[in-house]
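Here is a short set of exercises to work through with the structure open beside you. Try each task before reading its solution.

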Amino acid sequence: MTGDPLLRDAPLIRVGMVDDHRSPIWGIERVLDPVADIALICSAGTVAGVLGERVPLDVVLLDLRLDDGTTPRENVNALSAAGVATVVYTSGEHPALLRSAARAGALGVVLKSADEAIIIDAIRAAAQGRVVLTTEWAAAIDGDPELAAVDLSPQLQKVLALYASGETSARVGAALGVSAETVNEYLKRIRQKYADAGRPTRTKVDLFKRAVEDGWLPVPQRRAASTATLGDVMRRRR
C-alpha cells in the first residue's frame with residue numbers, strides 16, 4: 001500500500017478532519033502517516049475551524065455530531081462551497097444524520113471502526129469525485145423512510161427553523177422583516193409541502209421534527225437546545 005512506486009509519484013491528496021474529540025484525529029494521523037499519496041493537513045472541532053486554516057484541501061473527514069450546534073447539511077454545504085469533498089467519518093449510530101449529509105452532497109460514509117484500507121480507499125475515491133460505496137452508506141440511503149424530500153425556498157427554510165425553534169409568528173416576522181400574517185402564510189405553505197410529501201406537520205412539534213430530519217435545525221445533543229436564542233438560530237441560518 002505504501003511501497004507502490006506509482007503512489008509515491010501520485011499527486012498528494014490533502015485531507016482535513018473535523019471532529020471535536022482528539023482520539024479519532026490521532027487515529028487518522030496514525031493511519032495516514034505511512035501513506036505516500038495522502039496527508040492529513042489540518043484538523044479542528046468545527047468546519048469553520050478547518051476552513052479558517054486557509055490551506056488547500058481535497059477531502060474532509062467529517063464527524064456528524066459536533067458541539068457547535070451545526071447540522072450535517074450546513075457543514076457539507078460549507079465544505080462544498082469551498083470546493084472540498086466530504087466523507088462522513090462516524091460511529092454510524094445516527095442514520096437520520098447520515099441521510100441529511102447525503103442529501104447535502106456528501107460522497108459517502110466510513111465508520112470509525114473500519115479497517116485502515118477502507119478509510120484510505122474512501123479518501124482516494126472522494127478525491128476523484130467518486131461516491132464512496134460502503135454498506136453503511138447504502139443502508140442509510142436505501143433505508144430512508146422519508147425519501148420524499150421537501151424543497152423549501154431560503155425564506156421558507158428560515159421561517160421553519162425559527163418557528164420550529166419555539167419562536168412566535170410575530171418574533172419570526174420581526175427577525176425577517178415581514179408581518180406576522182405573512183409568516184403564517186409561509187407556515188401554511190410549509191405544512192402543505194410536507195403534507196404533499198406524506199410527512200404531515202399537524203403540530204409545532206411535528207414542524208420541529210421535520211426541521212431536524214431535513215437538516216434545517218441541529219439534532220438535540222450534548223448541550224440543551226432550549227438555551228438557543230433567536231439570534232443564535234439566525235446566525236446558524238446565514
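The exercises below use a predicted model, and each one is followed by a worked solution.

**Exercise 1. The sheet**

Task: Work out the order of the strands in the open sheet, and find which strands are at its edges.

Solution:
- Begin with the order. The open sheet is formed by 5 strands, arranged E2-E1-E3-E4-E5, and the pairing is parallel.
- Next, look for strands that pair on one side only: these are E2 and E5 (108–111), the edge strands.
- Then follow the twist, which averages 30° from one strand to the next.
- Now check one pairing in detail. E1 (residues 13–18) and E3 (residues 59–62) pair in the parallel sense over 4 bridges. Gly16 stands opposite Val60 in E3.
- Move on to E3 and E4, which also pair in the parallel sense, over 4 bridges. Here Val59 stands opposite Ala85 in E4.

**Exercise 2. A covered strand**

Task: Decide how many residues of E4 (residues 85–90) are buried, and sort them by face.

Solution:
- Count first: 6 of the 6 residues in E4 are buried, so the strand is mostly covered, buried being under 20% relative accessible area.
- Sort them next. Ala85, Val87 and Tyr89 lie on one side of E4, while Thr86, Val88 and Thr90 lie on the other.
- Put the two sets together: both faces of E4 are covered.

**Exercise 3. Two salt bridges that span the chain**

Task: Find the partner of Arg30 and the partner of Asp37, then describe how accessible each residue is.

Solution:
- As background, side chains of opposite charge can pair when their charged atoms come close.
- Start with Arg30. Its salt bridge is with Glu116, and the closest N and O atoms are 2.9 Å apart. This pair links distant parts of the chain: Arg30 belongs to helix H2 (residues 22–32) and Glu116 to helix H6 (residues 116–127), 86 residues apart.
- Classify these two partners. Arg30 has 54% relative accessibility, so it counts as exposed. Glu116 has 32%, so it counts as partly exposed.
- Turn to Asp37, whose side chain meets that of Arg124 in a salt bridge with an N to O distance of 2.8 Å. This pair also links distant parts of the chain: Asp37 is in the loop between H2 and strand E2 (38–44), and Arg124 is in helix H6, 87 residues apart.
- Classify again. Asp37 is buried because its relative accessibility is 4%, and Arg124 is buried because its value is 16%.
- As a cross-check, the side chains of Asp37 and Arg124 also make a polar contact at 2.8 Å.

**Exercise 4. A salt bridge within one helix**

Task: Explain why Glu185 and Lys188 are separated by about one helical turn, and say what links Asp19, Asp63 and Lys112.

Solution:
- Locate the pair: Glu185 forms a salt bridge with Lys188, with 3.5 Å between the closest N and O atoms.
- Count along the helix. Glu185 and Lys188 are about one helical turn apart because they lie 3 residues from each other in helix H10 (residues 180–196).
- Check accessibility: Glu185 is partly exposed at 41% relative accessible area, and Lys188 counts as exposed at 53%.
- Now for the other group. Asp19, Asp63 and Lys112 are joined into one network by salt bridges that share partners.
- For the full tally, the count comes to 7 salt bridges.

**Exercise 5. Backbone and surface**

Task: Where is Arg54 found, and which residues make the nonpolar surface patch of about 220 Å²?

Solution:
- Place Arg54 in the loop between helix H3 (47–51) and E3. At 77% relative accessibility, Arg54 counts as exposed.
- Recall the background: most residues other than glycine have a negative phi.
- Then read the angle: phi of Arg54 is near 55°, a positive value in a residue other than glycine.
- Look also at Gly105, just after H5, which takes a positive phi of about 110°. Within H5 (residues 95–104), the buried residues include Leu97, Leu98 and Ala101.
- Finish with the patch, which is made by Leu12, Ile41 and Val55. Of these, Leu12 sits in the loop between helix H1 (5–8) and E1. Leu12 is partly exposed, with a relative accessible area of 43%.

Key: Residues numbered from 1 in each chain as written. Predicted model: local features only at pLDDT ≥ 70, side-chain atom pairs only at ≥ 80, totals over all residues. Heavy atoms only, no water. Salt bridge = Lys/Arg side-chain N within 4 Å of Asp/Glu carboxyl O. Buried < 20%, exposed > 50% of the residue type's maximum accessible area, 1.4 Å probe, protein only. Polar contact = N/O pair within 3.5 Å; in protein donor to acceptor, adjacent residues only side chain to side chain. Pairing = 2+ DSSP bridges. Axes fitted to C-alpha atoms, helices over the stretch in contact; angles between N-to-C directions. Patch = residues over 30% accessible without salt bridge, like charges linked within 9 Å, V, L, I, M, F, W, Y side chains within 5 Å. Areas by Shrake-Rupley, 256 points an atom, 1.4 Å probe, with all protein chains shown as cover.
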